[in-house]
Amino acid sequence: MKKGLATNLILGVLMAGVSGVSHATVITEIEPNDTLSAAQNVDASFSLDSAANIENSTTIPHVSIAGTGNGTYDWFKFTVSGTGNNFVLLDIDYGAEGDASSIDSIVRLYDILENELAMNDDKANPLDYGSISNLDSWLATTLSAGSYYVRVGDFGYSDMPISLGRDYTLNISVDNRMAPVPEPATMLLMGTGLAGLIGARRKKKA
Ligand SMILES: [Ca+2]
Ligand SMILES: [Ca+2]
Ligand SMILES: [Ca+2]
Ligand SMILES: [Ca+2]
């Protein structure tokens with residue numbers, strides 16, 4: 001039973017890739033990440049994966065992080081590498097959902113010296129894809145090359161740490177950033193696996 005489910009899941013993921021259905025990769029937040037110096041570095045996870053909830057996902061490198069509350073703030077670090085001013089978008093999805101896991105997200109952007117560069121509590125209309133409420137944060141800006149930090153909090157009656165049981169997804173998009181290229185061995189493996197699966201399906205049909 002378990003094996004069948006796993007096979008179906010793998011097949012589903014592969015088929016979704018083949019048919020071009022949105023299949024964003026979401027990384028998991030790693031605690032403790034409660035201060036700027038302890039920020040989780042997400043640089044290795046940028047991709048051009050198609051993602052329905054992220055603007056221009058196939059042309060602007062982006063990373064999605066699934067965050068959860070444990071009574072602390074959540075800090076993430078990313079690098080801007082392009083020359084000049086580069087478009088950067090911080091986009092919270094599935095924060096305010098009207099259930100017990102909801103947060104009224106507030107994001108703050110800092111430089112390496114912890115100077116606040118920009119912040120957003122609630123997105124102005126229209127609603128963003130992946131959000132059912134304007135309480136989800138949405139911050140678009142431009143940044144020159146360097147290291148930057150995002151702090152995610154929950155706006156109760158003020159900007160506060162995120163309580164246990166709450167969750168959200170943070171998307172960070174950085175234009176003109178080199179997206180990591182899959183290693184040839186990984187691509188070969190993926191190709192072989194796919195060919196094997198298609199072969200197996202053909203065999204089954206015959
Ligand atoms: Ca979104
Ligand atoms: Ca957290
Ligand atoms: Ca934290
Ligand atoms: Ca908010």
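Reader: Which residues touch the most other members of the largest nonpolar core?

Author: In this predicted model, the largest nonpolar core has 29 residues, and F76, V107, V150, L170 and I172 touch the most other members. Two or more residues of this core come from each of β3 (62-68), β4, β5 (86-93), β6, β8, β9 and β11 (167-174).

Reader: With which residues is I172 in contact, leaving aside its neighbours within four places in sequence?

Author: I172 is in contact with V42, H62, V63, F76, F78, L90 and V150. Two of these, F76 and V150, are also among the core residues that touch the most other members.

Reader: Why is L135 called buried?

Author: A residue is called buried if 20 or more other C-beta atoms lie within 10 Å of its own. L135 has 20 other C-beta atoms within 10 Å, and therefore L135 is buried.

Reader: Where is L135 found, and which residues does L135 touch beyond four places away in sequence?

Author: L135 is found in the loop between β7 (116-120) and β8 (138-143). Beyond four places in sequence, L135 touches G95, A96, D104, S105 and D122. Of these, S105 lies 30 residues from L135 along the chain, while their C-alpha atoms are separated by 6.6 Å.

Reader: What makes strand β9 mostly covered?

Author: Strand β9 comprises residues 146-155, and 7 of its 10 residues are buried.

Reader: How do you know that β9 is paired with β4 and with β6?

Author: Two strands pair if at least two bridges are found between them. Strand β4 (residues 74-80) is joined to β9 by 7 bridges, and strand β6 (residues 105-110) is joined to β9 by 6 bridges. Both counts satisfy the cut-off, therefore β9 pairs with β4 and with β6. The β4 and β9 strands run antiparallel, as do β6 and β9. As examples of bridge partners in β9, V80 has G146 and V107 has V152.

Reader: How many bridges support the pairing of β9 with β10, and in which sense do the strands pair?

Author: Strand β10 (residues 159-160) pairs with β9 over 2 bridges, in the antiparallel sense. The cut-off is at least two bridges, so this count is enough for the strands to be called paired. D154 stands opposite M160 in β10, and a hairpin of 3 residues joins β9 to β10.

Reader: Why are β1 and β8 said to stand at the edges?

Author: The open sheet of 5 strands has the order β1-β3-β11-β5-β8, with mixed pairing. Strands β1 (26-28) and β8 each have a single partner strand, so one side of each is left without a neighbour in the sheet. From one strand to the next, the twist averages 25°.

Reader: What makes β5 a partner of β8?

Author: The two strands are joined by 6 bridges and run antiparallel. Since at least two bridges are required, β5 and β8 count as paired. Within this pair, N86 stands opposite L143 in β8.

Reader: How many helices and strands does the chain have, and which pattern do they follow?

Author: The chain has 2 helices and 11 strands. Read along the sequence, the pattern is α-β-β-β-β-β-β-β-β-β-β-β-α.

Reader: What percentage of the chain counts as buried, and what percentage of contacts join residues at least 24 apart?

Author: Of the 206 residues of the chain, 31% count as buried. Among contacts between residues at least 6 apart in sequence, 73% join residues at least 24 apart.

Notes
Residues are numbered from 1 along each chain as its sequence is written. Chains are lettered from A and ligands numbered from 1 in the order in which they are written. This is a predicted model: local features need pLDDT of at least 70, side-chain atom pairs count only at pLDDT 80 or more; totals for chains, interfaces and linings use all residues. A residue is buried if 20 or more other C-beta atoms lie within 10 Å of its own, exposed if 12 or fewer, and partly exposed in between; C-beta atoms are placed from the backbone. Helices (H or I, at least four residues) and strands (E, at least two) are DSSP runs, numbered from the N terminus. Two residues are in contact if their C-beta atoms, placed from the backbone, lie within 7 Å. A nonpolar core is a set of buried Ala, Val, Leu, Ile, Met, Phe, Trp, Tyr and Cys residues joined through C-beta atoms within 7 Å. Axes are lines fitted to C-alpha atoms, for helices over the stretch in contact, and angles run from 0 to 180 degrees between N-to-C directions.
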